[in-house]
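Dear colleague,

I am handing over the structure below for you to look at alongside these notes. After it you will find what came out of the analysis, set out contact by contact.

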Number of protein chains: 4
Amino acid sequence: MWEFGPGIPDTLFVRGKVPMTKEEIRVLVLARLRLRPELVVWDIGAGTGSVAVEIARMCPGGKVFAIEKDEEACQLIHRNRERFGVKNLEIVTGEAPQILSTLPAPDRVFVGGSGERTGPILREVKVCLREGGVIVATAVTIETVHAASILLERWGFTVEVVLLNLAVARKEGRKHLFVARNPVYIWSAWRENHGFSG
Amino acid sequence: MWEFGPGIPDTLFVRGKVPMTKEEIRVLVLARLRLRPELVVWDIGAGTGSVAVEIARMCPGGKVFAIEKDEEACQLIHRNRERFGVKNLEIVTGEAPQILSTLPAPDRVFVGGSGERTGPILREVKVCLREGGVIVATAVTIETVHAASILLERWGFTVEVVLLNLAVARKEGRKHLFVARNPVYIWSAWRENHGFSG
Amino acid sequence: MWEFGPGIPDTLFVRGKVPMTKEEIRVLVLARLRLRPELVVWDIGAGTGSVAVEIARMCPGGKVFAIEKDEEACQLIHRNRERFGVKNLEIVTGEAPQILSTLPAPDRVFVGGSGERTGPILREVKVCLREGGVIVATAVTIETVHAASILLERWGFTVEVVLLNLAVARKEGRKHLFVARNPVYIWSAWRENHGFSG
Amino acid sequence: MWEFGPGIPDTLFVRGKVPMTKEEIRVLVLARLRLRPELVVWDIGAGTGSVAVEIARMCPGGKVFAIEKDEEACQLIHRNRERFGVKNLEIVTGEAPQILSTLPAPDRVFVGGSGERTGPILREVKVCLREGGVIVATAVTIETVHAASILLERWGFTVEVVLLNLAVARKEGRKHLFVARNPVYIWSAWRENHGFSG
């Protein structure tokens, strides 16, 4: 169990071979999601469930749906849900965007991995998103950021993009050697003005 | 008032000309501080109070001491405390390290700006820090990170350092132009093993 | 006059208010251009002429055309050509892509600034480029990189993209403070295989 | 053979398991070395010889000494010297700083890897360096940059440091995925004013 605030160390999650949103990216995503205790949140492409677990901890009166098509990943989410003792996290095994219309309308949506289906997923999210809603996503390719921002701005969303280059020092003898993480784009989008803009 | 989680947008703070820890850095600092509701926290060189305000919101049963020598900055902290309606934030006008020994022993310490006094401040922090304590700092110079890590490791602390290069997209016509923020080192240190290590 | 190799310090150029490709970006661009002494090179959107001057120095038996629509910038190119004593640099006042068809076919093309005309410019460059030719460009927006790579790959070019985040230390008292330059994408493209690929 | 300018692609060098200064770093190092055709240059910790080969090509009337203690690396330098047909590159098998005093005084020195011996190596370099000389080094740890800049500034050198975060796009299906290289500090130092400062 983790008794502290957002930003659970990566090493505390059961991981397998499924890619995971790293701690530093995760806390930035959580910040950009503009969470409140009672919200309904979708985590599309939930992977290990690391983001979903953190959201569930921050929305104790709400509900998180971790949507994931890969069976092995769903097992990991199950185990991480157990490990961190969160009750308000429901695992939805299935493929986005098809599965999305069967779920309660979300206040917040995080898209951790959309593969080739960014457009169709965002289209469905746009239809389902509640008033005042916020969408956040991470992307590692120019193409994904570009496709997402074009669509969202066409639909009247305000889009903010941050490019993060992070390096973590590893101790080598008496020295600190920096090991780079791959650059990640984090974008967030909303339609109604909440004074979110940084 | 801000009704969401950690990561208050920079634009919502009263700022003046005092340097401010930017939103993205702030959420990473908050994560690394490993906060719990009831902790006593020092923010040394509190500037506008942006970090202190966020800590106070995350430690509603605890107390935050914002230590700041500059009178104008203290006024800003005062106004930001009002603006976000936090009650558990005490402004301490005075110079570190001298003023530190007059304060209740901290569970967490954030050093936002230490100037030329990194060594003396860390020495005093080490003496006062409660068991299980964590120190986090941001630094923009190699010299500060180096001096801090040498001292802390000599004293038996585990030190983690992250180097953050962040760029924020600004809309120019129909395009997104990235504007870089200066690179920041965020280091955190602790003596007892809490499984913090990422 | 500069008696050393590629990488003339920014401060040695006459600059005015025209944006300039900075030294560190410039040397990477020069490397990616795969220059040889006798080549014909176009610098489209030449700005201060800093890249064109360096190319001219590296292609003493060739010819560089600095294409620039802004009159004030053309004056700067003129002065920088004088300052560095290069003879094989011709200033072409006019707008790309229209002006391009009037020029000798190039072996190398550098696109420093294409504004909203990336597509039309690349289309004309593709028509004019000699066999074995190489195109290099810098871009500061996702949209430009994306548009360029889509077109070029459709036309059978191999495209390489590098993302550069650079910070330069400034001495502040006895410390080194890093000041970030905005992130820049450098892409290069070619059709025939020269073993260029890094 | 490579018929183009500085910036030989990494893949063209014989590499083995010896670490290599990557192309993009190499061209920045070459620029900062402020090379002229007739100079004497030391490459200390020459590794695969990639930097030494490029320097030799840029100083056809000068001489490059590639100093390397590792026998296997010396073999690689030998093979890379052959491959690129450079004549003015001498391989010196031995350990710095001891071996340095046996070599002709240098106009330029590149320190690619100094391990734990940064101080002693720089001390010897300072003694041997000719008037108007320039030292350039790459470093991946804070400690090395810090130690070097303290010493050099104490000795009256002007020191410039650049921090480079580079990511290279890899094609994944139809998308460009950026893969980060570890952050590298490049510093350069000189005593006499040549107008080098950027």
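**Pairing of chains C and D**

Strand E6 of chain C, residues 158-172, pairs with E6(D) in the antiparallel sense, and the pairing runs over seven bridges. Please keep in mind throughout that this is a predicted model. Within that pairing, C:Leu164 has D:Leu166 of E6(D) as its bridge partner.

The contact to which I turn next draws 36 residues from chain D and 36 residues from chain C. On the side of chain D that touches chain C, the elements that give two or more residues are helix H1 (23-32), strand E6 (158-172) and strand E7 (175-180) of chain D. Of these, E6(D) gives the most, with nine residues. Sorted by class, the residues on this side of chain D comprise 20 nonpolar, nine polar and seven charged.

How are the two copies placed with respect to one another? A turn of 180 degrees, with a shift of 0.0 Å along the axis, lays chain D on chain C with an RMSD of 0.0 Å. The C-alpha of chain D that is nearest the axis belongs to D:Asn165, and it is 2.4 Å from the axis. Because 100% of the interface residues of chain D are also interface residues in chain C, the copies meet through the same surface.

**Pairing of chains A and B**

Chains A and B can be described along the same headings. Here 36 residues of chain A are in contact with 36 residues of chain B. Helix H1 (23-32), strand E6 (158-172) and strand E7 (175-180) of chain A each supply at least two residues of the side that touches chain B, and the largest share of that side, nine residues, comes from E6(A). By class, the side of chain A that touches chain B has 20 nonpolar, nine polar and seven charged residues.

E6(A) pairs with strand E6 of chain B, residues 158-172, in the antiparallel sense over seven bridges, and A:Leu163 stands opposite B:Ala167 in E6(B).

As for the placement of these copies, chain A is superposed on chain B by a rotation of 180 degrees with 0.0 Å of shift along its axis, at an RMSD of 0.0 Å, which is the relation of a two-fold axis. In chain A, the C-alpha nearest that axis is the one of A:Asn165, at 2.4 Å from it. The same surface serves both copies, since 100% of the contact residues of chain A recur in chain B.

With best regards

Methods: Residues are numbered from 1 along each chain as its sequence is written. Chains are lettered from A and ligands numbered from 1 in the order in which they are written. This is a predicted model: local features need pLDDT of at least 70, side-chain atom pairs count only at pLDDT 80 or more; totals for chains, interfaces and linings use all residues. Copies are superposed by least squares on the C-alpha atoms of residues with pLDDT of at least 70 in both. Two residues are in contact if their C-beta atoms, placed from the backbone, lie within 7 Å. Helices (H or I, at least four residues) and strands (E, at least two) are DSSP runs, numbered from the N terminus. Ala, Val, Leu, Ile, Met, Phe, Trp, Tyr, Cys and Pro count as nonpolar, Asp, Glu, Lys and Arg as charged, and the others, Gly among them, as polar. Two strands pair if DSSP finds at least two bridges between them.
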